[in-house]
Every structure is written in structure tokens, then in C-alpha cells.
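The following note sets out several points for a colleague who is beginning to read this model. Please keep the structure in view while going through them.

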Amino acid sequence: MVSSFAYATAQNTIVPVIPQVQEATGSSASQVAWMITGFFVSSAGLTVLTGRPGDLFGRKRVLCAILAIFGGGAAIAALGNSLAPIIAGRVVMGVGGGVFPLAYAILSAHLPRDRAAFGMGLISSMFGVGGALGLPLGGLVAGHFGHKGLFWATAAVALLALATVAGAIPSDRGERTGTVDWLGAILLTLALGGPLTAVSRAEEWGWAAPWTLGLLALGAVAFAVFLVVERKVSHPLVDLDVMRRRNVWAANLVTLLATTGHGVMFFLVPQIVQLPKSSGVGLGVDVDHSGLFLLPGAVLLIFAGPLTGRLVARFGTRLPLALGVALGCAGLVILAAGSSQPVALLTGGAVLGLAGGVTYATLPMLIADSVPLTDLGSANGVNTIVRHVSMAVSAQLAAALVVSSIPASSPYPQWWAFTANYGAAAVLAALALIPIGLLRPRQTAAPDPVGEHDAAAPTTPQIR
């Protein structure tokens, strides 16, 4: 939980200090934006790379290494007096995304299924809690100690997490066979990093700009080559046979569709509450307090995650997963109906937080019950990447729609852009019910063409 919280908060604590860094380094707004872009691109590319070594060499050992690198990246950013080392430090910090798949795998390996489900719920809740508290915490720390103080605080939390993991988690030996597929790792990084960079910078460059189209094409080519390479190497970074299992690809499709709503909410709610009241759609809240509108959802997410473990133990994964998706749709409909009203923002966000707690606690249990223990780290890594990519892309597309709604006569977006974003996200979330209906019960999962990998982790729950 400490490790997950350290990474989750680092995603958003940087937002309030962007003006400070820009002023201190004399950089432009587009240059400073690479602190966020670089972090998410590196996180997407490195998450699976950390899951596979965990399967090979021991998950505790790799988790400790990740936390050390994550803290080192924060220290690099804190020591930097120009923009380049700050961006470099943030890119290094992106390796922290590997915390989540390793944490899920550690729980599955060491705990009985009811305790593992409870723990996965807690770990999943940290993602939302960190996202909600990142803005106010970042503003509070930076207001007293500046942007360097914020990075040093992040390094201190990483050190605390490292000490906690080293002292509290049992050691595991890993497979001790096979190698890390470095070529696959490079190709996957390009396949994810190119399109993510293009989408995140498309507002500035233009969607039809050469850089945007070139990076999208680079990602497509790299992904095609990655699929060929993973079929030919003896120890692939991602076992494509495992990914072809119905329950695994269905879980990733549910993640892709359901996470869209959470990405839209995390981006739009702080935006709309910070717009001035004179805009006709905003509440005029300052940046330090805007994150508090996400707090009800974060609180419910904390409680929903662990309680979902009990639902999974009693009913299996399909019913809780469908419940989480349905709640997500309801929360988005509430936001669409009253996107500029405080009560609607708080209520819709709370329902979405409850939905996220249920959904994200169930998904790792579904994956854990569908793959062998030796592939658990990489399988959870892929699911974590899908989650990150869905949130990043949905936030950028939401931003593009909001920008497009700004009329020539006003600097502020119109209300319909927010309603349209929430409505589209609700439709996508509803579509996630289709792959949930395709989930195969455990006892009939054998026909999937996976060969020797049919044995699932022995400590994970049944899918009913």
C-alpha cells in the first residue's frame, strides 16, 4: 500500500508546481509539459518490463529495485537546476508503474484467496486515492517548500516504502529460468511511447501534424514487429498464448472501456471547478482545493476495494465486475446531467469512486485465476498498462473536445463539451458489459489454446 501510494500520488503532485518549475527554469509551457508526458510514457513502457523480471528473479527483489530507482529519479529532479534534469528525473520515476503488477503477484503468491482479494482491493484503492490527493498534497508541499521540496518528499516516501517492503514482505525465489526479452521491451516501449506522446502533444502540434502522424505510425509498426518477435523468442516478455485466453483478453478489454470514464473524470472535474464563475460553467475554486472534489470518490474507493474481496469469495468475479461497470455508468450519467453543479460533481465522483473500487479490485483476481503463477507479474503488467493508456488517452481526447468547444468570442469552453465527454464515457463503460458476459467459468477454461500454461495460481479464487 505504501509503495502503491508513493507512485499514485507522484502522478498528480506535479500539476500544482508546473508554474513554479516554468518560472524557475525559464521554460515555456510546452517544454514544462514534458514532465507529465515523459512520466506517463516511461511508465507505460516499463511496467511490463518490471513484471517479467519479478517472475524470473523474485518479486520482492524487483519491487525493492523499482522503489530505489523511483526514489533516485525523484532525487535527480530535486537536484536539477534546469528543466532537463527535472524531466529526466520524472522519466526515471515512471518505472514506479511496476509497483502494481508486482504487488498483485506478491499477494497472490503469499496469501490465501480471501486475504489476497482483500489486499488487492486495498492496493487498487491506492490508485484512486493517490490521484485524488495528489493535487492538494502537491500544492500544500510546494507552497511551503517549493518544487524541490516536493521532489525530496517523494524520495523520502519512496525510501520509506523500500524499507517497509524489505522488512515486511517474505522473499521469493522466482523461476530462476529464462531471460528478459530486451528486444521485446524496446519494441513495446516504442509501440506505447510513440502514440502516447502523439496523443498528449496533439493539442499543441495538431492532430494532422507530421510529428503526430509519424509517432502514431511508429507505434503501429513497432507493435506489429513486437507481435512477430514475441512469437519467435524462447522467453517472451509477454506470453501471447496467455494473452489469448478468453478471460485474460476480456479482462483487458473491460479495463480499457471502464477506465475511460475514470480518466475523463480525473481530468474534467478539476478543470471545471477551477474555471471562474464568470465562465458560466465553473465554480472558481483554486488549484490547491480542486482535488478535494475527488475526495469522496477516493474515500469510497478505499472501502469498496477490500469489501469487493468478500464479494469475489462469495459470488466469483463476474457479478462484482458487472456491478462495478454498472456503477461507473451511473456515476458518469450523474456527471453528464449536472456537470457544473457541486452536488452532481461530488455525487457522480463518489459513485465513480465506488465503481472503481469494485472494478479494479476484481480485475487482478480475475487475471490471477486465469494464468499460472509464473506469468502473473507480466499478465498484471499488461493489464496495468491498458489501464494507464486508457486513462491517458481518454483524458487527452476529453481535453481536445473541451478545447474545440471554446468559441471565438470567449476564452472559456461551453457546458456541452463536458456533458458530451461524460456521455461518451458512459457509453464506452456500458460496452464493457459485453466482455464480462463472455467470461468463461474456471472449469470450462481448458479448451483455450494455451497448452502447458493451463494451470492457474493455486491460491486464487474461483470464477463463477
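1. A definition is needed at the outset: rings of Phe, Tyr and Trp form a pair if their centres lie within 6.5 Å. The model discussed here is a predicted one. In it, ring pairs join Y7, F39 and F100 into a cluster. Altogether the structure contains 5 aromatic pairs.

2. One of the aromatic pairs is formed by W34 and W205. Their ring centres are 6.5 Å apart and the planes meet at 45°, so this pair is classed as tilted. W34 belongs to helix α4 (residues 34-57) and W205 to helix α9 (residues 182-205), so the pair ties together parts that are 171 residues apart in sequence. W34 is partly exposed, with a relative accessible area of 29%. W205 is also partly exposed, at 28% relative accessibility.

3. A second pair to examine is that of F223 and F226. The centres of these rings are 6.4 Å apart and the planes stand at 25°; the pair is stacked, because planes under 30 degrees apart count as such. Both residues are in helix α10 (residues 210-232), where a spacing of 3 residues separates F223 and F226 by about one helical turn. An α-helix has 3.6 residues a turn, so residues three or four places apart point the same way. How buried or exposed is F223? F223 is partly exposed, with a relative accessible area of 42%. F226, by contrast, counts as buried, at 4% relative accessibility.

4. The nonpolar interior deserves a separate remark. The largest nonpolar core comprises 72 residues, and those with the most contacts inside it are F70, L237 and V238. Leaving aside neighbours within four places in sequence, F70 is in contact with A6, Y7, A10, M93, V95, G96, T154 and A158. Apart from this core lies another, of 26 residues, which includes I272, V281, A336 and Y422. In soluble globular proteins, nonpolar side chains tend to be buried together.

5. Three of the contacts of F70, namely A6, Y7 and A10, are also among the buried residues of α1. Of the 11 residues in helix α1 (residues 2-12), 9 are buried, so this helix is largely enclosed by the rest of the structure. The buried residues of α1 also include S3, S4, T9, Q11 and N12.

6. The largest pocket has about 1,400 Å³ of space. Its lining consists of 44 residues, and V15, I36, F267, Q271 and Q396 lie nearest its centre. Helices α1, α2 (18-25), α4, α8 (113-168), α9, α12 (246-274) and α17 each supply at least two residues of this lining. Which element gives the most to the lining of the largest pocket? That element is α17, with 9 residues. By class, the lining has 30 nonpolar, 11 polar and 3 charged residues.

7. The second largest pocket holds about 510 Å³ of space. It is lined by 17 residues, and the closest to its centre are L188, L192, F223, V382 and V386. F223, discussed above as a member of the stacked pair, therefore appears again here, since it is one of the residues closest to the centre of this pocket. Helix α17 gives the most to this lining as well, with 4 residues. The classes here are 16 nonpolar, 1 polar and no charged residues.

8. The structure also holds 3 cavities of 30 Å³ or more. About 70 Å³ of space lies in the second largest cavity. Its lining is made up of F100, Y104, F127, Y360, L363, P364, N383, T384 and R387. The elements that give two or more residues to this lining are α7 (99-110), α16 (342-368) and α17 (376-404). By class, there are 6 nonpolar, 2 polar and 1 charged residues.

9. A final point concerns N380, which lies in helix α17. N380 is buried, with a relative accessible area of 1%. Not counting residues up to four places away in sequence, N380 touches P101, Y104, A105, P364 and I367. Among these, Y104 and P364 also line the second largest cavity. N380 and F39 are 341 residues apart in sequence, while their C-alpha atoms are 20 Å apart in space.

Notes: Residues are numbered from 1 along each chain as its sequence is written. This is a predicted model: local features need pLDDT of at least 70, side-chain atom pairs count only at pLDDT 80 or more; totals for chains, interfaces and linings use all residues. Side-chain values use heavy atoms; hydrogens and water are left out. A nonpolar core is a set of buried Ala, Val, Leu, Ile, Met, Phe, Trp, Tyr and Cys residues joined through side-chain atoms within 4.5 Å. Buried means under 20% relative accessible area, exposed over 50%, partly exposed in between (1.4 Å probe, protein chains only). Contact means heavy atoms within 4.5 Å. On a 1 Å grid over the protein atoms alone, a cavity is a set of points where a 1.4 Å probe fits but cannot get out, and a pocket is an open set with protein on both sides within 12 Å along at least five of seven lines; lining residues have an atom within 4 Å of a point. Grid points are joined across faces, edges and corners, and a volume is the space filled by probe spheres set on the points. Ala, Val, Leu, Ile, Met, Phe, Trp, Tyr, Cys and Pro count as nonpolar, Asp, Glu, Lys and Arg as charged, and the others, Gly among them, as polar. Rings of Phe, Tyr and Trp (its six-membered ring) pair if their centres lie within 6.5 Å; planes under 30 degrees apart count as stacked, over 60 as edge-to-face and the rest as tilted.
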